[in-house]
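Curious how labels such as buried, exposed or salt bridge are earned? Take a look at the structure first, and then we can reason through some of them together.

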Amino acid sequence: KATVSVLNWSYTCQPHTMGGMKAVCYKALFPFYMSTLLLWGTVLSTLLVTAKLVLVPLVSRVLYMHVCGALSKGITAMMLWYFQTAGNVRVHVYTEVPLEELVRPHTTLTLWNHVTDLDWVVMPWFMHRIGKLGELRTLVKDSLKYVPVFGWMWKLADFIFLKRSMEKDQKALDYGMSKITRCREGDSFGVIHYWASLFPEGTRYTPAKLAASQEWQKSQGMVPMKNVQFPRTKGVSSLWKGMGHQIDSVYTVCLGYVGNKAPGYGQLLNNDRFDIAMYIRKVDKAVMPSPDAADVDEKVKAVVVDHWRAFDKDLDQFHATHSFPAPLLPAVSAPVGNVDWYFPPLLVAFQTLMAVGIAKASASWWPLQMWFGAHFALSALSVCFIGRKPFDGKPSKAKAA
């Protein structure tokens, strides 16, 4: 078994081993969790649609985005609640960027390598921890806009949906950037900072995809990277040309999974234990070209590829030592917008209403009442077991193992 050596301050989702009745309760909780997520997400999405129809044309897009940021936290926090509470996960954050800089109001471009579907959970988890969840804007594939609740929320929050063909996507990209940059310019309701985030590799890691990427690099006369796919940089350069004048900082985030595992949602729901590490670097803006430069595409590509080659070396070390070479993170609590507290009572309230409704609708069918009553009891018992919160908004100093 891998031993994780953590030599810095880590903002972690503390691991915990569940067994017996507690494990049974969490698994029984899942269908109730999902039904509550869908119901509550639909309510908040309806409020967002109403706010957009009224506020954007009649009042201010900036005011709407303030409302959108607050409501989208309420949706995303429900997903993070299960990840943080029921998931047997530990996340280690290594950073060369001071925490005070990460949490200050500023606009960023953030580039992540893409390992697994769970990267889509780690990204908002990190943004939530530093109090920036409402500022997240990212490029996502077009089909995700049809995902119930989250796809609706991303569409309403000005995420940019692409079909992975820059010739087809340029119009959507330009329109999406124009909405985001107008909010950054601000009005009488203030300004909206944003964290424009994307996965330049365009697709998650698999051995087959990595092999295809390595073959392509060889065909181009390059030394192939062993741990990451070659990045696709057209989307990055398009964002830089459209937003570069507003961007204060550029960060790269290297994700590593202990044991080089690429877990998915199934492993998360099954309570499998895994450790995730993040390594945050800041790109020197002096190496970034002017957004108006004639050769901006080539220079942005060179910068991104250089950082991906650094990722490749960092992951060599990570797979050998299970740690990244980052300085200590200062022992300063992050300003966490912790809205997780309301979800357990919300879950119980929704399920109580459903139980009453089903009981009245099935007064003459006692097996349905007994089935639902048993599962509702397990749902309530599961909430009672959440006494020790693994997510407390404070840094915990992990000792080297």
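What follows is a friendly round of questions and answers on this predicted model.

Q: What makes up the protein chain, in helices and strands?
A: The protein chain has twelve helices and nine strands. Of its 401 residues, 54% count as buried.

Q: Why is leucine 58 called exposed?
A: The relative accessible area of leucine 58 is 67%. Exposed means over 50%, so leucine 58 earns the word. Leucine 58 lies in helix α1, residues 20-58.

Q: Why does valine 54 count as partly exposed?
A: Valine 54, also found in helix α1, has a relative accessibility of 39%. Buried is under 20% and exposed is over 50%, with partly exposed in between, so valine 54 takes the middle label.

Q: Which residues form a nonpolar patch on the surface?
A: The patch consists of Val49, Leu53, Val54, Leu58, Val59 and Phe189, with about 560 Å² of accessible area together. Patch residues need over 30% relative accessible area; valine 54 has 39% and leucine 58 has 67%, so these two clear that cut-off.

Q: What makes helix α8 largely enclosed by the rest of the structure?
A: Helix α8 spans residues 234-243, and seven of its ten residues are buried, so the rest of the structure largely encloses it. Among the buried ones are Trp240 and Met243. The buried residues of α8 pack against several elements, including β3, β6 and α10.

Q: How do you know that both faces of β6 are covered?
A: Look at the two sides in turn: Trp195 and Ser197 on one side are buried, and so are Ala196 and Leu198 on the other. As for its neighbours, β6 pairs with β3 in the parallel sense over four bridges, and three bridges join β6 to β4, also in parallel. Threonine 110 stands opposite serine 197 in β6, while alanine 196 in β6 is the bridge partner of arginine 137.

Q: How many residues does the largest nonpolar core have?
A: The largest nonpolar core has 59 residues, and Tyr64, Trp112 and Phe126 are among those with the most contacts inside it. Helix α2 gives the largest share of this core, twelve residues. Another core, of 39 residues, lies apart from it and includes Met225 and Val304.

Q: Why is the pair of aspartate 158 and lysine 179 called a salt bridge?
A: The closest N and O atoms of aspartate 158 and lysine 179 are 3.4 Å apart. A salt bridge needs a side-chain nitrogen of Lys or Arg within 4 Å of a carboxyl oxygen of Asp or Glu, so this pair fits.

Q: Are aspartate 158 and lysine 179 buried or exposed?
A: Aspartate 158 has a relative accessible area of 2%, and lysine 179 has 10%. Buried means under 20%, so both residues count as buried.

Q: What ties together parts that are 90 residues apart in sequence?
A: Aspartate 316 and lysine 226 meet through their side chains in a salt bridge, at 3.2 Å from N to O. Aspartate 316 lies in helix α10 and lysine 226 in the loop between α7 and α8, so the pair ties together parts 90 residues apart in sequence. Aspartate 316 itself is partly exposed, at 32%.

Note on methods
Residues are numbered from 1 along each chain as its sequence is written. This is a predicted model: local features need pLDDT of at least 70, side-chain atom pairs count only at pLDDT 80 or more; totals for chains, interfaces and linings use all residues. Side-chain values use heavy atoms; hydrogens and water are left out. Patches are made of residues with over 30% relative accessible area and no salt bridge: like charges are joined within 9 Å, nonpolar side chains (Val, Leu, Ile, Met, Phe, Trp, Tyr) within 5 Å. Accessible areas come from the Shrake-Rupley method with a 1.4 Å probe; for residues, only the protein chains shown count as cover. Buried means under 20% relative accessible area, exposed over 50%, partly exposed in between (1.4 Å probe, protein chains only). Contact means heavy atoms within 4.5 Å. Two strands pair if DSSP finds at least two bridges between them. A nonpolar core is a set of buried Ala, Val, Leu, Ile, Met, Phe, Trp, Tyr and Cys residues joined through side-chain atoms within 4.5 Å.
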